[in-house]
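Work through the exercises below with the sequence and the model side by side, and try each task before reading its solution.

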Amino acid sequence: AADPGCVVKLAKSMQKALNLQPLTHKWAEISSRLDKIYPDLEEIWCVFCTPINDFDREGNVLAWSGFTSLMKECGIQDCDQKLLWIDLDLDERGWVTFQKFVQV
């Protein structure tokens, strides 16, 4: 998307209008699934995190595109991915720091 932050705005408005909640997936369950697939956090960081600009050469950011790829590997459906992303991207930027993702 040209503006990945739009995903959060759209998902928030849908969540509010339709009173949507993730079906069965909570962060503890997702964490458990991730631990089985990726026992080492560094592997998640290497595969799914990207730099957001020329100054972020280390790739400390999990962007919407990386998040969706990661959630697909965990078997999380598209609608739930968007609802879970709302919990992460509070600033509606289309990305979160990897540290913030790990803390959830």
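The exercises go from the whole chain to single residues and then to a pocket.

This is a predicted model, in which local features need pLDDT of at least 70 and side-chain atom pairs count only at pLDDT 80 or more, while totals for chains, interfaces and linings use all residues. Residues are numbered from 1 along each chain as its sequence is written, and side-chain values use heavy atoms, with hydrogens and water left out.

**Exercise 1. The whole chain**

Describe the order of helices and strands in the chain, and state what share of the residues is buried.

Solution. Begin with the elements, which are DSSP runs numbered from the N terminus (helices are H or I with at least four residues, strands are E with at least two). The chain has six helices and two strands, and along the sequence they follow the pattern α-α-α-β-α-α-β-α. Next, apply the burial cut-offs, by which a residue is buried under 20% relative accessible area, exposed over 50% and partly exposed in between (1.4 Å probe, protein chains only). Of the 104 residues, 37% count as buried.

**Exercise 2. Two helices and a buried glutamine**

Find Gln81, decide whether Gln81 is buried or exposed, and name the residues that Gln81 touches.

Solution. First, locate Gln81 in helix α5, which covers residues 78–88. Second, compare its relative accessible area of 2% with the cut-off: Gln81 is buried because this value is under 20%. Third, look for contacts, meaning heavy atoms within 4.5 Å; when residues up to four places away in sequence are not counted, Gln81 touches Trp64, Phe67, Thr68, Met71, Lys72 and Ile76. Finally, turn to helix α4 (residues 64–73), whose buried residues are Trp64, Gly66, Phe67, Thr68, Leu70 and Met71.

**Exercise 3. After helix α4**

Which residues does Cys74 contact, leaving aside its neighbours within four places in sequence?

Solution. Start from the position of Cys74, which is in the loop between α4 and α5. Cys74 counts as buried, because its relative accessibility is 6%. With the sequence neighbours left aside, Cys74 is in contact with Arg33, Leu34 and Ile37. The C-alpha atoms of Cys74 and Glu29, which are 45 residues apart along the chain, are separated by 9.8 Å. As a last step, note that Gly75, just after α4, takes a positive phi of about 80°.

**Exercise 4. A phi angle to check**

Say what is notable about the phi of Glu92, and where Glu92 is placed.

Solution. Recall the general rule that most residues other than glycine have a negative phi. Glu92 is not a glycine, and yet its phi is positive, at about 55°. Glu92 is placed in the loop between α5 and β2 (95–97), and it counts as partly exposed because its relative accessibility is 24%.

**Exercise 5. The largest pocket**

Which element gives the most residues to the lining of the largest pocket?

Solution. The residues that line the largest pocket are Trp27, Ile30, Ser31, Leu34, Asp35, Tyr38, Leu41, Ile44, Phe101, Val102 and Val104. Two or more of the lining residues come from each of α2 (27–37), α3 (41–48) and α6 (98–103). The answer is α2, which gives the most, with five residues.

Key
1 Å grid on protein atoms, 1.4 Å probe; cavity = no way out; pocket = protein on both sides within 12 Å on 5 of 7 lines; lining within 4 Å.
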